[in-house]
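Colleague: I am new to this structure. Please take me through one part of it closely, the region around the enclosed space.

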Amino acid sequence: MQKWYQIFQRNTGLSPYVWVVFYILPFYFIFRSSSTYEVVSGIVMIVVFFVCYVLSFVSRGWLIYFWTTLQIVISIAMTLLFGYVYFSLFIAFFIGNLQHRAGFMVLYTIHLTSTIVTVNLEFVSRNPVFISQLPFVLITLLAVILLPVTTYNRNRSDKLQGQLEDANKRISELVKLEERQRIARDLHDTLGQKLSLIGLKSDLAGKLVRKDPNRALGEINDVRQTARSALKEVREMVTQMRGTSLEEELFRVRQILKAAEIEFTLEGDPKLDNTSLLTENVLSMCVKEAVTNIVKHSRATACTLTIQPGPSDLIIRVKDNGIGMAGDGVCFRGNGLRGMKERLEFVNGSLDIRTEGGVLVTIRVPNMFSPPETEAGL
């Protein structure tokens, strides 16, 4: 639950000065009354309403529903006595920020029903004050219907977004831990046995160098061959650890988009046979950043990734059907997008971002074959 003084500007997008009008308006309505008793009772109800409104934000448990019920009662009384229906807006905003689904549904139903019944009673009684403000009453009634639902859904979406980010962080930490464990296993399996063998054969050669030089020479040759074999396996392992292939990254992309309830479509073959390991690693990081931006900012429901290899260039397009990006030159303001541009420039690539019914990210890199490294002798 947010603080009572934060909800207006952050959640509604309305300036606080607009809300000052709603603070002053009820006094205008009650001072139009000729009865001193009605004026005093109106002032008391206004003060009690705002006290209850503040208490409803700072309270917990059943007290939230108690203070909100008092607000609804006061709103009904103000409407019937003075034709002031706008307290229902305050209540609508508050109900929309309730996190408990059952509590939200109950209070929303009670508030909506009471407001509609009260408005109809005023129409039936033909209150001239109420009839004179008919357009504003209809707007208020529409707000009472829509605002709680939209506010509740937006808060729920923000909460799910936060949970998704936490889950992604935990997944990232688990991936790092698994990678460390895999490296430890590979190093043990690759070097442990061969270094032990090298040590044993070196000791044996040292003992045989005077007794049986020919056999000692054979052991030394075995040590040399074992060392070369270990070096080759270490190089292969380091090559695999240099980066993530695009095919592996797309597996994680599918998981992230599925968790965000975004439909994913892949066009093209993610196996890049004619692309160097360094370039493929850069492409993987760029695709990851583009998808992360879609999940965080686009509000999209679908994402399409197209891989288009050519004779000289490799083109990857990431398209979503979200809200797009407003303003010229906004493409490279974020650190993530700027980082994508810098990485691509390092491998002579380029980045283009356009808004076309969503955001279209076009990544272009030179398509070249990188021959495998040759093994160096000791």
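Modeller: Here is the enclosed space, followed by the surface patch that shares its helices. This is a predicted model, where local features need pLDDT of at least 70, side-chain atom pairs count only at pLDDT 80 or more, and totals for chains, interfaces and linings use all residues. Residues are numbered from 1 along each chain as its sequence is written, and side-chain values use heavy atoms, without hydrogens or water.

The structure has one cavity of 30 Å³ or more. A cavity is a set of points, on a 1 Å grid over the protein atoms alone, where a 1.4 Å probe fits but cannot get out. Its space is about 70 Å³, a volume being the space filled by probe spheres set on the points.

Lining residues have an atom within 4 Å of a point. Here they are I72, S75, I76, T79, V85, S88, H111, S114, T115 and T118. Three are nonpolar, seven polar and none charged. Helices α4 and α6 each give at least two of them; helices are DSSP runs (H or I, at least four residues), numbered from the N terminus.

Now the surface. L80, L81, V117 and L121 make up a nonpolar patch with about 350 Å² of accessible area together. Patch residues have over 30% relative accessible area and no salt bridge, and nonpolar side chains are joined within 5 Å. Again α4 (62–82) and α6 (101–125) each supply at least two residues. L81 sits in α4. Why is L81 counted as exposed? Because its relative accessibility is 53%, and exposed means over 50% with a 1.4 Å probe, protein chains only.

Conventions. Patch = residues over 30% accessible without salt bridge, like charges linked within 9 Å, V, L, I, M, F, W, Y side chains within 5 Å. Areas by Shrake-Rupley, 256 points an atom, 1.4 Å probe, with all protein chains shown as cover. Salt bridge = Lys/Arg side-chain N within 4 Å of Asp/Glu carboxyl O. Buried < 20%, exposed > 50% of the residue type's maximum accessible area, 1.4 Å probe, protein only. 1 Å grid on protein atoms, 1.4 Å probe; cavity = no way out; pocket = protein on both sides within 12 Å on 5 of 7 lines; lining within 4 Å. Nonpolar A, V, L, I, M, F, W, Y, C, P; charged D, E, K, R; others polar.
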